[in-house]
Each structure stands twice: as structure tokens, then as C-alpha cells.
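Here are a few short exercises to work through with the structure on screen. Try each task yourself before you read its solution.

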Amino acid sequence: MTRILCLAIAAGILLSPMAGHAREPGDPQKGRVLAERTCMSCHAIGRQQLRSPNPDAPAFRQLARTPGMTATALRAGLQTSHRNMPNLVLHEQDREDIIAYILKFNGFPAGKAEMPADPSLLTDTLFESVKPKK
Ligand code: HEC
């Protein structure tokens with residue numbers, strides 16, 4: 001029974017169009033709706049929720065707070081196979097939206113670009129210690 005349900009979910013995701021549009025910064029609001037539809041059966045997706053329906057699936061809040069977590073890491077995580085998670089084929093923009101939603105838990109909105117890894121490029125970057133109001 002659960003298996004049929006999972007297949008139905010996977011089929012639904014596969015049917016969404018996969019055209020390669022230019023990547024827009026993710027929209028966390030849309031990401032939340034998508035997460036409710038496609039991830040919530042296994043993952044805890046709420047801000048206060050720490051226990052996932054599927055105990056093996058990390059809560060989104062926990063993912064966001066993993067030290068070193070970045071949009072790139074989530075992107076990679078969502079594009080590789082996992083032992084216990086079905087392979088979800090997400091429309092690129094849907095994936096960006098969900099990533100923006102997950103990362104919003106650490107208080108920072110998704111930006112247009114990843115921070116450069118080269119520290120010499122960071123010398124001109126102004127870091128503010130105040131998190132934006134939600
Ligand atoms: C059928 C259950 C199920 C569904 C649906 C599901 N997940 Fe998962 N997910 C898991 C499990 C179980 C794990 C942890 C074990 C693993 O990595 O195989 C996991 C792990 C993850 C991870 C961590 C991956 C890593 O590299 O460590 C991310 C990110 C994630 N899920 C995101 C999502 C998103 C986003 C959705 C919805 C689009 C989703 N999952 C839908 C079960 C699910």
C-alpha cells in the first residue's frame with residue numbers, strides 16, 4: 001500500500017515539465033507548498049517540527065542547521081540517489097524553491113548567488129551581524 005503511494009508520488013513529480021529555464025532565486029513560499037505536497041509524507045517540514053513522519057528522514061529544520069549546509073549541498077543532495085529516499089525528479093525551479101524554503105530556517109533569505117569559496121574575493125563583502133526580520 002505504501003509502495004503504491006510512493007510510486008504515485010514519484011509519477012506525479014516525473015510528469016512535471018523539465019524544461020531548462022534560467023535559474024531564478026528560489027521562492028520559499030512556493031517551496032513550502034511544494035514541500036507540503038511532495039516531501040511532508042516523510043520529512044518534518046515545519047519550523048517547529050523536529051520529528052519526521054519517517055524517522056529516517058531528517059527534519060528540514062535540522063538540514064538547514066547542519067554546519068556548512070549550502071544551497072549547493074542541498075542541490076547535490078537532491079540530485080543524487082539515496083538508500084532510503086525515492087529518487088525525486090524535480091523541475092529545476094521547484095528544486096530551487098524548496099531549497100530556498102529549507103534554508104530560510106536558518107534565518108537568511110536565499111540570495112542570487114552562492115558565496116565565493118575564494119577568501120580573497122570576500123574582502124569587499126560586508127557582513128552584517130543582524131539577521132533580517134522574518
Ligand atoms: C518516501 C519518503 C521521502 C520523501 C517523499 C522525501 N524524502 Fe527526503 N529523505 C528520506 C529519507 C528516508 C532520507 C534519509 C535517508 C537517505 O538519505 O536515504 C531523506 C533524506 C533527504 C535529504 C538529505 C540528503 C543528504 O544528502 O543527506 C534531503 C535534502 C531530502 N531528503 C530532501 C527531500 C525533499 C526536498 C523532498 C521533497 C521534494 C523529499 N526529501 C522527499 C525520505 C523521503
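## Exercise 1: the helix in the middle of things

The buried residues of α5 pack against α2, α3 and α4. Work out whether α5 as a whole is enclosed or open, keeping in mind that this is a predicted model.

**Solution.**
- Start with the length: α5 has 12 residues and spans 16 Å from its first C-alpha to its last, close to the 16 Å expected at 1.5 Å a residue.
- Next, list what is buried: Asp94, Arg95, Glu96, Asp97, Ile98, Ile99, Ala100, Tyr101, Ile102 and Leu103.
- That makes 10 of the 12 residues of α5 buried, so the helix is largely enclosed by the rest of the structure.

## Exercise 2: two residues on that helix

Decide whether Ala100 is buried or exposed, then find what Ile99 touches.

**Solution.**
- Ala100 lies in helix α5.
- Count its neighbours: 23 other C-beta atoms lie within 10 Å, and a residue needs 20 or more to be buried, so Ala100 is buried.
- Now look across the chain: Pro25 is 75 residues from Ala100 in sequence, yet their C-alpha atoms are 7.8 Å apart.
- For Ile99, skip residues up to four places away in sequence; the ones it touches are then Gly26, Ala71, Leu74 and Arg75.

## Exercise 3: the nonpolar core

Find the largest nonpolar core and say which helix gives the largest share of it.

**Solution.**
- Here's the background: in soluble globular proteins, nonpolar side chains tend to be buried together.
- In this model the largest nonpolar core holds 15 residues, and Ala35, Ile98, Ile99, Ile102 and Leu103 have the most contacts inside it.
- At least two residues of this core come from each of α2, α3 (60-65), α4 and α5 (92-103).
- The largest share belongs to α5, with six residues.

## Exercise 4: around the ligand

Describe the shell around the ligand: how many residues, of which classes, and from which helices?

**Solution.**
- The ligand is surrounded by 23 residues, and the closest are Cys39, Cys42, Gly77, His82 and Met85.
- Sort them by class and you get 14 nonpolar, seven polar and two charged residues.
- Then go helix by helix: α1 (2-15), α2 (28-38) and α4 (71-79) each supply at least two, and α4 gives the most, with three.
- Zoom in on Met85, which sits in the loop between α4 and α5.
- Met85 has 17 other C-beta atoms within 10 Å, so it counts as partly exposed.
- Its C-alpha is 8.9 Å from that of Cys42, although Met85 and Cys42 are 43 residues apart in sequence.

## Exercise 5: the whole chain, and how far to trust it

Sum up the fold, then say where confidence is lowest and where it is highest.

**Solution.**
- The protein has five helices and zero strands, which reads along the sequence as α-α-α-α-α.
- Of its 134 residues, 19% are buried.
- Take the contacts between residues at least 6 apart in sequence: 64% of them join residues at least 24 apart.
- On to confidence: the mean pLDDT is 74, and 60% of residues reach 70 or more.
- The lowest confidence is in α1, with a mean of 50, and the highest is in α2, at 93.
- Over residues 11-21 pLDDT stays under 50, and the model has 12 contacts beyond four places in sequence for them.

How values were computed: Residues are numbered from 1 along each chain as its sequence is written. This is a predicted model: local features need pLDDT of at least 70, side-chain atom pairs count only at pLDDT 80 or more; totals for chains, interfaces and linings use all residues. A residue is near a molecule or strand if its C-beta atom, placed from the backbone, lies within 6 Å of it. Helices (H or I, at least four residues) and strands (E, at least two) are DSSP runs, numbered from the N terminus. Ala, Val, Leu, Ile, Met, Phe, Trp, Tyr, Cys and Pro count as nonpolar, Asp, Glu, Lys and Arg as charged, and the others, Gly among them, as polar. A nonpolar core is a set of buried Ala, Val, Leu, Ile, Met, Phe, Trp, Tyr and Cys residues joined through C-beta atoms within 7 Å. Two residues are in contact if their C-beta atoms, placed from the backbone, lie within 7 Å. The expected span of a helix is 1.5 Å times one less than its number of residues. pLDDT is the predictor's confidence in each residue, from 0 to 100.
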